[in-house]
Amino acid sequence: MQIKKIILSNTLLVKVAIFFRRFYLKRKFGIIYGKGAFIGYSVICEGCNGFGANSTIVSSKIGFASYIGSDSKFAKTSIGRYSSIGPNVNCIFGRHPSDTFVSTHPSFFALKTPVNFTYVKQQLFDEYPKPLDEEGKYTISIGNDVWVGANVSILEGVTIGDGAIIAANALVNKNVDPYTIVGGVPAKTIKKRFNNDEIEFLLQLQWWNKSRSWIAKNAVTFNNIKKFKNIFKDE
């Protein structure tokens with residue numbers, strides 16, 4: 001921990017550490033970087049990930065084969081396996097009261113404010129949701145096999161279920177159920193991808209947790225949910 005503190009206190013050492021870690025991740029885990037992509041030192045990569053040009057990801061983890069498009073920015077986010085994140089996707093941190101409180105200004109509900117003063121003596125509104133994981137690291141959760149379209153904004157505290165699809169330009173301000181397509185501002189349910197039996201089957205099978213050899217062998221069956229379910233219903 002002491003070495004880490006020394007490195008983080010020196011800008012040059014931070015740049016050197018990030019450069020060598022980037023090189024290490026590329027060689028060992030097959031990470032692909034676009035021009036200007038920034039991957040924080042604490043980011044956990046499971047491998048075969050892609051980071052588009054000018055994308056930024058810090059204090060997060062990204063599952064096997066998932067990728068992030070250009071100009072997207074993530075922090076304190078857990079991303080599952082085989083998820084596809086489009087360009088210009090951003091996380092929104094912090095919130096203000098929208099009802100009951102007369103004003104939305106933080107000086108009326110927070111002890112610490114951007115303007116360096118407050119009218120209250122105790123915190124009256126939780127600006128930041130509690131972490132979604134047991135370790136207290138991540139406040140946004142994106143599941144496995146999720147597709148997030150371009151120009152999407154995701155609010156802190158949101159969980160996006162496995163297999164969900166987020167339409168382009170959506171504002172996701174509440175949890176999204178597994179295998180559900182949502183869109184709009186704020187995002188609303190458009191439809192389910194499959195019927196309930198098929199969704200339950202996929203959630204139980206969790207194909208994304210199978211070995212790469214299993215997935216490679218059975219990839220030809222992924223083009224039809226009904227045939228797929230019929231083949232693997234007994235697993």
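Q: Which residue with a positive phi follows H3 in this predicted model?
A: The model is predicted. Just after helix H3 comes a residue whose phi is positive, near 50°. That residue is Gln 206.

Q: Which residues of H3 are buried, and why do they lie on the same side?
A: Helix H3 spans residues 196-205. Its buried residues are Glu 198, Ile 199, Phe 201, Leu 202 and Leu 205. They share one side of H3 because they cover an arc around the axis of only 160°.

Q: Which exposed residues does the other face of H3 carry?
A: This face is turned away from the buried side of H3. Its exposed residues are Asn 196, Asp 197 and Gln 204.

Q: What do the buried residues of H3 pack against?
A: The buried set includes Phe 201 and Leu 202. These buried residues of H3 pack against a strand and a helix. The two elements are E19 and helix H5 (225-232).

Q: Which backbone nitrogen does a side-chain oxygen of Asn 195 reach at the start of H3?
A: The side-chain oxygen of Asn 195 comes to within 3.1 Å of its partner. The partner is the backbone nitrogen of Asp 197.

Q: What is the strand order of the open sheet with mixed pairing?
A: This open sheet has eight strands. Its edge strands are E1 (32-33) and E19, and each pairs on one side only. The order is E1-E4-E7-E10-E13-E16-E18-E19.

Q: Are the faces of strand E18 covered or uncovered?
A: Strand E18 covers residues 180-183. On one side, Thr 180 and Val 182 are buried. On the other, Ile 181 and Gly 183 are buried. Both faces are covered.

Q: Does E18 pair with E16 in the parallel or the antiparallel sense?
A: Strand E16 (residues 165-166) joins E18 over two bridges. Ile 165 stands opposite Ile 181 in E18. The sense is parallel.

Q: How many bridges join E18 to E19?
A: Strand E19 takes in residues 188-192 and runs antiparallel to E18. Gly 183 has Lys 188 in E19 as its bridge partner. The number of bridges is four.

Q: Which residue takes a positive phi in the hairpin of E18 and E19?
A: The hairpin has four residues between the strands. One residue takes a positive phi near 105°. It is Gly 184.

Q: Which residue in E10 stands opposite Ile 68?
A: Strand E7 (residues 67-68) and strand E10 (residues 84-85) run parallel, joined by two bridges. Opposite Ile 68 stands Ile 85.

Q: Why do E3 and E15 each have one side without a neighbour in the sheet?
A: The open sheet of five strands has the order E3-E6-E9-E12-E15, with parallel pairing. Strand E3 (44-45) and strand E15 (159-160) stand at the edges. One side of each is free of a neighbour because each has a single partner strand.

Q: What is the bridge partner of Ile 62 in E9?
A: Strand E6 (residues 61-62) and strand E9 (residues 77-79) run parallel. Two bridges join them. The partner of Ile 62 is Ile 79.

Q: Is Thr 113 buried or exposed?
A: Thr 113 lies in the loop between strand E11 (90-92) and strand E12 (140-142). Its relative accessibility is 17%, and the cut-off for buried is under 20%. Thr 113 therefore counts as buried.

Q: Which backbone oxygen does the side chain of Thr 113 reach?
A: Thr 113 touches Pro 106, Ser 107 and Thr 118, leaving aside residues up to four places away in sequence. Its side chain also reaches a backbone oxygen at 2.8 Å. That oxygen belongs to Phe 117.

Key: Residues are numbered from 1 along each chain as its sequence is written. This is a predicted model: local features need pLDDT of at least 70, side-chain atom pairs count only at pLDDT 80 or more; totals for chains, interfaces and linings use all residues. Side-chain values use heavy atoms; hydrogens and water are left out. Buried means under 20% relative accessible area, exposed over 50%, partly exposed in between (1.4 Å probe, protein chains only). Two strands pair if DSSP finds at least two bridges between them. The arc is that of the directions from the helix axis to the C-beta atoms. Contact means heavy atoms within 4.5 Å. A polar contact is a pair of N or O atoms within 3.5 Å; within protein, one must be able to donate a hydrogen and the other to accept it, and residues adjacent in sequence count only if both atoms are side-chain atoms.
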